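User: Please take a close look at one part of this model for me, the salt bridges and the residues that form them. I am in my first year, so please give the cut-offs as you go.

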Amino acid sequence: MSNNFVRYHLPFYLFAALILSISSLPQFKPPDMEIVFADKIAHFFEYGIFAFLALRSLGQLSAFKNRKKLYPWVLVISVVFAALDEWHQAYIPGRFSDIYDFIADTIGIVVVLLSIYIQSKRKATMKSGY
């Protein structure tokens, strides 16, 4: 196994597998945290992390050295994965699919990707001296 695979791709695959594993647990109920919208906040961070790891992984592939292609692909892959995860839950006993979970997932994805994109543009501007 190459060092590049372990460093960049394996975390993405393991996190995707973790998401699907947890989604497959029948009647899974996270601990009650008495925080308003705790479930939606968890979805936001879960898919924000997913998008970050997808960006790191795909960014190492030669097909995505052009960053203009990278961000749209990561967005599409992440949103489709989130949609399929919600759809998958509809078939697990004691679980259900929730459009608001999907919306929280998507917002997490977009916020992370926009934050990283803006930060990379800022670094590039500082590097060029403007």
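Analyst: Asp98 forms a salt bridge with Lys40, and the closest N and O atoms of the two are 3.0 Å apart; the term salt bridge stands for a side-chain nitrogen of Lys or Arg within 4 Å of a carboxyl oxygen of Asp or Glu. This pair links distant parts of the chain, with Asp98 in the loop between helix H3 (67-89) and helix H4 (99-128), Lys40 in helix H2 (residues 38-58), and their positions 58 residues apart. The helices named here are DSSP runs (H or I, at least four residues), numbered from the N terminus. The model is a predicted one, in which local features need pLDDT of at least 70 and side-chain atom pairs count only at pLDDT 80 or more, while totals for chains, interfaces and linings use all residues. Residues are numbered from 1 along each chain as its sequence is written, and side-chain values use heavy atoms, with hydrogens and water left out.

Asp98 counts as buried because its relative accessible area is 14%, where buried means under 20% relative accessible area, exposed means over 50%, and partly exposed lies in between (1.4 Å probe, protein chains only). Lys40, with a relative accessible area of 21%, is partly exposed.

Lys40 also forms a salt bridge with Asp101, and here the closest N and O atoms are 2.5 Å apart. Again the pair links distant parts of the chain, since Lys40 belongs to helix H2 and Asp101 to helix H4, 61 residues apart. Asp101 has a relative accessible area of 5%, so this residue is buried.

A further partner of Lys40 is Asp39, and the closest N and O atoms in that salt bridge are 2.9 Å apart. Asp39 counts as partly exposed because its relative accessibility is 35%.

Taken together, the structure holds three salt bridges, and Asp39, Lys40, Asp98 and Asp101 are linked by such bridges in a network. Within this network, Asp98 is buried at 14% and Asp101 is buried at 5%, whereas Asp39 is partly exposed at 35% and Lys40 is partly exposed at 21%. When you look at the structure, you can begin at Lys40 in helix H2 and follow its salt bridge to Asp101 in helix H4, then return to Lys40 and trace the salt bridge to Asp98 in the loop between helix H3 and helix H4.

Technical notes: Helices (H or I, at least four residues) and strands (E, at least two) are DSSP runs, numbered from the N terminus.
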